[in-house]
Amino acid sequence: MPIAIFDMDGVLYRGSQVMPYAKEALDRLRRAGWDVFFATNNSTATRLDYLRRLQTLGLGGDLDHIVTSGYATAHYLERRNPKPKDVLVIGADGLREEVHANTLPGSHPPPDAAADGVDPGAMRRYLVSLDLPAAPDAVVVGLDLHLTYAKVAEAQRAILAGAEFVCSNRDRAYPVEGRLLPGAGTIVAAIEIATGAKAVCIGKPEPFLFEEAIRRAAKPHGDRVVVVGDSTDYDMVAAHRVGAAGVLITTGLTEKDALKAASGDAVPDRVVHSLEELFDLGEFAGA
């Protein structure tokens, strides 16, 4: 049974908007006997959240065919020896739920400390006066739409004390309706600068997400694994690292000069401009 692994954000939908021919493409592959997986670097939601989103958008799927960077990060920590006992998460509730993290010290400063311009020294005094517990032994960073200086400070404290530093992904941006927003990589970079440490990355372009999908696939699947994504630096590199064919679709994060600048594993095997064009490719022969 051949395997198709789809990135979601920017490929199958953008925000609440389903991309043209997304439902038809997935239905066509399933009818042809393909094992269809969904893999995303987005760690803000759990796999169950993504399942509900896919079903709401009419794209189908089941929990066993969804792999998120948050889920993969949790499994990475589970396999560590010794396993971290106290994990600090800088990220959304979805990542925190996957990792089962503890509450962040100092993450809810009082209004007078958080008010910018009223008393410039208030936040510093608040952070210095906190009665802090022992530093966590692991720090996990993902996309956090409510990032605060206090959160960065606590991540810095833990990492400088020796905590393992892991990030769910290094995405520069993510697509929403009408624009791009800063991705988790922005936050990871800030903490790396604050600590001088380098995070271990679990999401794409590392191969773990796609390896997990392939392990979950029905056997035998032969040699045909095709990844459909919108990034040369992330999707195409990860595809090639697991020996899959990489199909770049230009509907999401693909930057204007990305193809010209791509080299090595970042060079896609195929380029399409819509999901309907997938079925003109030899990789999807018979679908």
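**Exercise 1. The open sheet**

In what order do the 4 strands of the open sheet stand, and is their pairing parallel or antiparallel? Work this out on the predicted model shown above, and then place the helices that pack on the sheet.

*Solution.* Begin with the order of the strands, which is S6-S7-S8-S11 in this open sheet, and note that the pairing is parallel. Next, look at the ends of that order: strand S6 (87-90) and strand S11 (200-201) stand at the edges with a single partner strand each, so one side of each is left without a neighbour in the sheet. Then follow one pair in detail, since S6 and strand S7 (residues 138-141) are joined in the parallel sense over 4 bridges, with Val89 standing opposite Val140 in S7. Finally, add the helices: helix H7 (residues 149-160) packs on the sheet by touching S6, S7 and strand S8 (164-167), and its direction makes about 145 degrees with that of S6. Helix H8 (residues 184-195) also touches S6, S7 and S8, while its direction makes about 160 degrees with that of S8.

**Exercise 2. The surroundings of Asp235**

Decide whether Asp235 is buried or exposed, and find the polar partner of its side chain.

*Solution.* First locate Asp235, which lies in helix H10 (residues 232-241). Its relative accessibility is 2%, and because buried means under 20%, Asp235 counts as buried. Now turn to its side chain, which makes a polar contact with the side chain of Lys204 at 2.6 Å, and which also has a polar atom 3.0 Å from the backbone nitrogen of Asp230. Among the residues that Asp235 touches, leaving aside those up to four places away in sequence, are Asp7, Phe210 and Val227.

**Exercise 3. One face of a helix**

Explain why the buried residues of helix H2 line one face of the helix, and name elements that cover them.

*Solution.* Start by listing the buried residues of H2 (residues 47-56), namely Arg47, Tyr50, Leu51 and Leu54. Seen down the axis of H2, these residues fall within an arc of 105 degrees, so they line one face of the helix. The cover over them includes strand S4 (35-40), helix H3 (69-79) and helix H9 (208-216). After H2 comes Gly58, whose phi is positive, near 80 degrees.

**Exercise 4. The largest nonpolar core**

How many residues does the largest nonpolar core have, and which element gives the largest share?

*Solution.* The core has 31 residues, and those with the most contacts inside it include Phe6, Leu12 and Leu275. Helix H1 (22-31) and H2 are among the elements that each supply at least two residues, and the largest share, 4 residues, comes from H1.

Methods: Residues are numbered from 1 along each chain as its sequence is written. This is a predicted model: local features need pLDDT of at least 70, side-chain atom pairs count only at pLDDT 80 or more; totals for chains, interfaces and linings use all residues. Side-chain values use heavy atoms; hydrogens and water are left out. Buried means under 20% relative accessible area, exposed over 50%, partly exposed in between (1.4 Å probe, protein chains only). A polar contact is a pair of N or O atoms within 3.5 Å; within protein, one must be able to donate a hydrogen and the other to accept it, and residues adjacent in sequence count only if both atoms are side-chain atoms. Contact means heavy atoms within 4.5 Å. The arc is that of the directions from the helix axis to the C-beta atoms. Two strands pair if DSSP finds at least two bridges between them. Axes are lines fitted to C-alpha atoms, for helices over the stretch in contact, and angles run from 0 to 180 degrees between N-to-C directions. A nonpolar core is a set of buried Ala, Val, Leu, Ile, Met, Phe, Trp, Tyr and Cys residues joined through side-chain atoms within 4.5 Å.
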